[in-house]
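What follows is a guided reading of one protein model, to be taken with the coordinates open alongside. The path goes from one strand to its sheet, then to the ligand and the core, and ends with a few single residues.

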Amino acid sequence: MTAPPEDAPGEGPPVAVRTTDLHKTYSGPRGDVPAVQGIDLEVAEGEFFGLLGPNGAGKSTTIGMLTTLVVPTSGAAQVCGLDVVRRSVEVKRRIGMVSQNNTLDNDLNAFENLEFRGRYFGMSGKDARRRADELLEMFTLQDRRKGTPFELSGGQAKRLMICRALVHRPEVLFLDEPTAGLDPQNRVNLWEVLRGLQQEGQTIVLTTHYMEEAEELCDRLAVVDHGRILASGTVEGLKDSAGADTVISVSYDGTPPEDVGKLRERSGIERVEVAGEQVRVFAREPDGVLGELVAIGAAAGVGVTDASQLRPSLETVFLTLTGREYRD
Ligand SMILES: Nc1ncnc2c1ncn2[C@@H]1O[C@H](COP(=O)(O)OP(=O)(O)OP(=O)(O)O)[C@@H](O)[C@H]1O
Ligand SMILES: [Mg+2]
């Protein structure tokens with residue numbers, strides 16, 4: 001059973017993870033790195049929550065603090081109602097963590113990796129072995145039971161790491177970039193596995209830099225960049241929010257004609273940005289905008305070298321919020 005959060009007993013749906021103005025600054029020989037700069041999160045029990053952001057956004061640092069591996073510089077975080085700094089030992093018992101790197105024990109076979117973890121968490125030998133078999137079965141790894149981590153494919157190794165994180169039946173499962181480096185087939189297979197876990201009631205927090213993954217899996221997500229949350233909510237909510245227009249981009253073979261500015265007056269157009277030879281139009285009603293940009297160019301004797309139209313998506317949310325294209 002999860003204890004109610006320390007600061008809000010009995011209020012609202014049970015909270016599995018909460019952070020308040022969480023900060024982490026790494027100090028190093030080349031100065032301070034403000035990796036996380038004031039993150040407020042709330043994840044409900046049973047929820048599938050994602051932290052989505054580009055490289056260096058602070059995702060691993062945030063998940064590191066939540067899993068007690070990184071000590072916050074300031075602010076607070078509770079997991080299962082327990083402060084991650086003051087009650088780190090108890091927090092560790094209630095969570096499972098799958099890190100981005102392969103951390104399986106290469107001297108042990110698949111079964112033993114799980115059995116040892118069970119013993120570490122205080123299970124009897126019999127219970128640990130039973131749980132190991134149950135998990136291998138659940139994750140269709142039975143035929144790899146005796147295989148060493150070296151003999152596993154990338155997808156199998158990741159599944160085994162998830163099994164190992166689940167041995168002690170954690171209340172919250174944290175996954176840092178679970179599908180990074182997997183081929184598309186293995187990625188989709190792993191999505192199935194994670195969905196299955198959630199259907200059984202597992203609370204899951206994952207980080208990813210794949211927009212598609214966040215969109216596929218997460219009930220709610222926070223878009224992070226430079227250590228801050230830019231926006232959070234459901235995927236649909238994010239798309240409906242202020243920043244979710246269709247974005248029409250056109251590159252000209254010269255300075256964009258001044259007349260593109262006139263598009264600002266058209267209804268259904270939120271914003272027109274000109275940067276160098278590129279023009280970006282953020283539109284609620286995108287029909288005809290692309291044609292008009294081409295026509296405006298032609299009238300001024302400027303050709304179009306590149307054009308694209310992005311429908312509202314996490315991509316356009318990111319673009320609108322940061323002014324930068326999201327590259328993963
Ligand atoms: N141990 C550390 N010491 C110093 N700086 C660090 C350390 N770990 C991370 N950083 C820096 O903190 C910032 C955030 O890094 P973090 O690993 O949390 O980002 P991330 O979102 O997980 O990125 P990625 O998608 O590349 O995994 C980066 O600028 C990174 O270089
Ligand atoms: Mg990371």
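A convenient place to enter this predicted model is Arg 18, whose bridge partner in strand β4 is Gln 78. That pair belongs to a set of five bridges that join β1 to β4, residues 74–79, with the two strands running antiparallel. Gln 78 also stands opposite Asp 83 in β5, and β4 and β5 are themselves paired in the antiparallel sense, over two bridges.

Strand β1 has a further partner, since residues 15–28 of β1 pair with residues 31–44 of β2, again in the antiparallel sense, over 11 bridges. Within this pairing, Ser 27 has Asp 32 of β2 as its bridge partner, and the two strands form a hairpin with two residues between them. Taken together, these pairings give an open sheet of four strands in the order β2-β1-β4-β5, with antiparallel pairing. Because β2 and β5 (82–83) each have a single partner strand, they stand at the edges of the sheet, and one side of each is left without a neighbour in it.

The hairpin strands also lead to the ligand. Which elements each supply at least two residues of the shell around ligand 1? They are β1, β2 and the helix α1 (59–66), and of the contributors it is α1 that gives the most, with three residues. The shell comprises 13 residues, the closest being Tyr 26, Ala 35, Lys 59, Ser 60 and Thr 61. By class, the surroundings of ligand 1 consist of eight polar residues, four nonpolar residues and one charged residue.

From the ligand one can step back to the whole chain. The protein has 328 residues, of which 40% count as buried, and its secondary structure comes to 10 helices and 14 strands. Along its principal axes the C-alpha trace spans about 80 × 45 × 45 Å. The domain assignment gives domain 1 as residues 15–239 and domain 2 as residues 245–311, and the C-alpha centres of these two domains lie 42 Å apart. Among contacts between residues at least 6 apart in sequence, 66% join residues that are at least 24 apart.

The largest nonpolar core contains 81 residues, and those that touch the most other members are Val 17, Val 79, Cys 163, Val 172, Phe 174, Val 205 and Val 223. Helix α5, residues 154–166, gives the most to this core, with six residues. Both domain 1 (15–239) and domain 2 (245–311) give residues to the core, so it lies between them.

Val 172 shows how the core draws on separate parts of the chain: leaving aside residues up to four places away in sequence, Val 172 touches Ala 16, Val 17, Val 79, Cys 80, Arg 94, Ile 95, Thr 203 and Val 205. One of these contacts, Ile 95, belongs to strand β6, residues 95–98, both faces of which are covered. In a regular strand the side chains alternate between the two faces of the sheet. In β6, Ile 95 and Met 97 on one side, and Gly 96 and Val 98 on the other, are all buried. Strand β6 is joined by four bridges to β7, residues 172–176, and these two strands run parallel; in this pairing Val 98 stands opposite Leu 175 of β7.

Three residues remain to be examined singly. Is Gln 37, in strand β2, buried, exposed or partly exposed? Gln 37 has 17 other C-beta atoms within 10 Å and is therefore partly exposed, as burial would require 20 or more. Apart from residues up to four places away in sequence, Gln 37 touches His 23, Gly 227 and Arg 228, and its C-alpha atom is separated by 8.8 Å from that of Gly 58, 21 residues away along the chain.

The other two residues are of interest for their backbone. Asp 21, in strand β1, has a positive phi of about 45° although it is not a glycine, and Asp 21 counts as partly exposed because it has 13 C-beta neighbours inside 10 Å. His 226, likewise not a glycine, has a positive phi of about 50°. His 226 lies in the loop between β9 (220–225) and β10 (228–233), and with 15 C-beta neighbours inside 10 Å it counts as partly exposed.

Note on methods
Residues are numbered from 1 along each chain as its sequence is written. Chains are lettered from A and ligands numbered from 1 in the order in which they are written. This is a predicted model: local features need pLDDT of at least 70, side-chain atom pairs count only at pLDDT 80 or more; totals for chains, interfaces and linings use all residues. Domain bounds come from an automatic or database domain assignment. Two strands pair if DSSP finds at least two bridges between them. A residue is near a molecule or strand if its C-beta atom, placed from the backbone, lies within 6 Å of it. Ala, Val, Leu, Ile, Met, Phe, Trp, Tyr, Cys and Pro count as nonpolar, Asp, Glu, Lys and Arg as charged, and the others, Gly among them, as polar. A nonpolar core is a set of buried Ala, Val, Leu, Ile, Met, Phe, Trp, Tyr and Cys residues joined through C-beta atoms within 7 Å. A residue is buried if 20 or more other C-beta atoms lie within 10 Å of its own, exposed if 12 or fewer, and partly exposed in between; C-beta atoms are placed from the backbone. Two residues are in contact if their C-beta atoms, placed from the backbone, lie within 7 Å.
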